Amino acid sequence: MADYKHKGSPAYLFGIVLVAVIGGLLFGYDTAVISGAEKGLQAFFKSATDFNYTDGWHGFTTSSALIGCIIGALLSGILASSLGRKKSLFVAGILFFLSALGSYYPEFLFFEKGVPCKSLLVAFNGYRILGGIGVGLASALCPMYIAEISPASKRGKLVSWNQFAIIFGQLVVYFVNFLIVRSHASDPDVVAWTNAVGWRVMFVSEAVPAGLFALLILLVPETPRYLTMHGQAPKALAVLTKINGEEKANEILLEIKNTVNQDSQARKEKLFAYGFMVVFIGCMLSVFQQIIGINAVLYFAPRIFESMGVSNNMLFTVIMGVINISFTLVAVFTVEKLGRKPLLITGSLGMAVGALGVALSNVVTLPALVPVISIMVYSACFMFSWGPICWVYIAELFPNTIRSQATALAVAFQWIFNFIVSSTFVPMYSWSPFFAYALYGAICIIAAIFVWRLVPETKGKTLEDMTHFWRAQSR
């Protein structure tokens, strides 16, 4: 046990990060659980007698969690600064848990169970928005927490695991939804069961990982950066020592104190205290992560494969899911060797090739395999670049004293543009598949140029190094 004072404890760091990435898994789980439940949910509310559950209502209901995501992202900065990173993640866990229970039983206290009505739909969407707030909080706070707790030499890899957990969470819920339906496959009318009960079970299944996360997060420490900024340096040193060893811990604590002491309280509260560019670059990284169009592909993959003439579109969707997991691991194991910028630029160019391949397939007669492979190249290139690396940058780009505020703004931009891309893809694709993918391909090229010209490399730099860098840039 005493040896950690000399070298630090990798097991301790691993345990902390493992708990934090459960928040990423819940992020993926909550955003994807609707995919299996939406048909049963639609059938349930279509039987309402006091209103007509239109496609418009269904579209809002399936995407209402995104409203909460934007709210949660904006609140994350306030909560992270006032409550701390750890307590804010606990709040996120509680919101996930309450949303799972409420989505399972939206009739609680006020409505008769199993009787759909307009007021019940409002209540259901309220619970989904509550879960969305949890997603918004987790999406901002999990990378921030991991970045602030991790040594500089491992930070990129450990933050990248959060993206892996998001993708893994999506795959887990697809599998869970499949098992829930299959558990009643022998019923004479499994469709009726799914419409009445199955969708509820899918939502409540999230309560298990949510409850586990809320309990486990109580066992991890607050981040040393937050503790130091709030006058708790001895506690910060104890955490740093367990992770880095005594000598390195004292060195890091001194760096943190220097960056904190050089900034007055007034400066801490100003988002643009280090100039406009640091906030602009962080927000634009979030915007590009969305407008390169990845969520249009992930959300509508079965529809896209079907339009390409693929007979078993769900099989190819599963294959793409496996590819996504595999290429996320590429980022995890190369981000500290190759750096952030090379992965982002390479991924952007690879995505451009994939998107333009799909676009070309819509104006020139090519074998169906060409657009299918192009889509998979597009998705794979995102998974080793913009998927995880954007989160790494958001976690480590901003100076200590504005990190919570700037991260909140950047993540809010991400959710806003997620909604814009998701809601515009279908009409744009219906109008012209060539235009849709040519546009995404062009944006990928612009994204590569943006990273090459404006984004600094953060590989191997401490969070305090970035504070010094932006202070020098703002003079």
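**Reasoning from value to term in a predicted model**

Q: Why does Leu109 count as exposed?
A: In this predicted model, Leu109 has a relative accessibility of 69%. The term exposed applies over 50%, and Leu109 therefore counts as exposed.

Q: Where is Leu109 found, and what is notable about its phi?
A: Leu109 is found in the loop that runs between helix H5 (85-104) and helix H6 (118-149). Its phi is positive, about 75 degrees, although Leu109 is not a glycine.

Q: What makes Asn125 count as buried or exposed?
A: The relative accessible area of Asn125 is 4%. Buried means under 20%, so Asn125 is buried. Asn125 lies in helix H6, and, residues up to four places away in sequence not being counted, Asn125 touches Phe60, Thr61 and Ser64.

Q: How do you know whether Thr223 counts as buried or exposed?
A: Thr223 has 0% relative accessibility. Since the limit for buried is under 20%, Thr223 counts as buried. The residue lies in the loop between helix H9 (207-216) and helix H10 (224-229). With neighbours within four places in sequence left aside, Thr223 is in contact with Arg85, Tyr145, Glu148 and Ile149.

Q: How does the reach of helix H11 compare with what is expected at 1.5 Å a residue?
A: Helix H11 (residues 233-244) has twelve residues, and its first and last C-alpha are 16 Å apart. The expected span is 1.5 Å times one less than the number of residues, which comes to 16 Å, and H11 is close to that value.

Q: Which residues of H11 are buried, and what phi does Gly245 take?
A: The buried residues of H11 are Ala233, Ala236, Val239, Leu240, Thr241, Ile243 and Asn244. Gly245, just after H11, takes a positive phi of about 95 degrees.

Q: Why are H14 and H20 described as roughly parallel or antiparallel to each other?
A: Helix H14 (residues 276-291) packs against helix H20 (residues 386-396) at an angle of about 165 degrees, and their axes are 10 Å apart. Angles over 145 degrees count as roughly antiparallel, and H14 and H20 are therefore roughly antiparallel to each other. The crossing of H14 and H20 is left-handed.

Q: Which residues make the contact of H14 with H20?
A: H14 contributes Gly282, Leu285, Ser286, Phe288 and Gln289, while H20 contributes Trp386, Gly387, Cys390, Trp391, Tyr393 and Ile394.

Q: How many residues of the contact of H14 with H20 are nonpolar, polar and charged?
A: Seven are nonpolar, four are polar and none is charged. Gly is counted among the polar residues.

Key:
Residues numbered from 1 in each chain as written. Predicted model: local features only at pLDDT ≥ 70, side-chain atom pairs only at ≥ 80, totals over all residues. Heavy atoms only, no water. Helix = DSSP H or I, 4+ residues; strand = E, 2+ residues; numbered from the N terminus. Buried < 20%, exposed > 50% of the residue type's maximum accessible area, 1.4 Å probe, protein only. Contact = heavy atoms within 4.5 Å. Axes fitted to C-alpha atoms, helices over the stretch in contact; angles between N-to-C directions. Parallel < 35°, antiparallel > 145°, perpendicular 65-115°, else oblique. Left-handed = near helix turned anticlockwise from the far one by under 90°.
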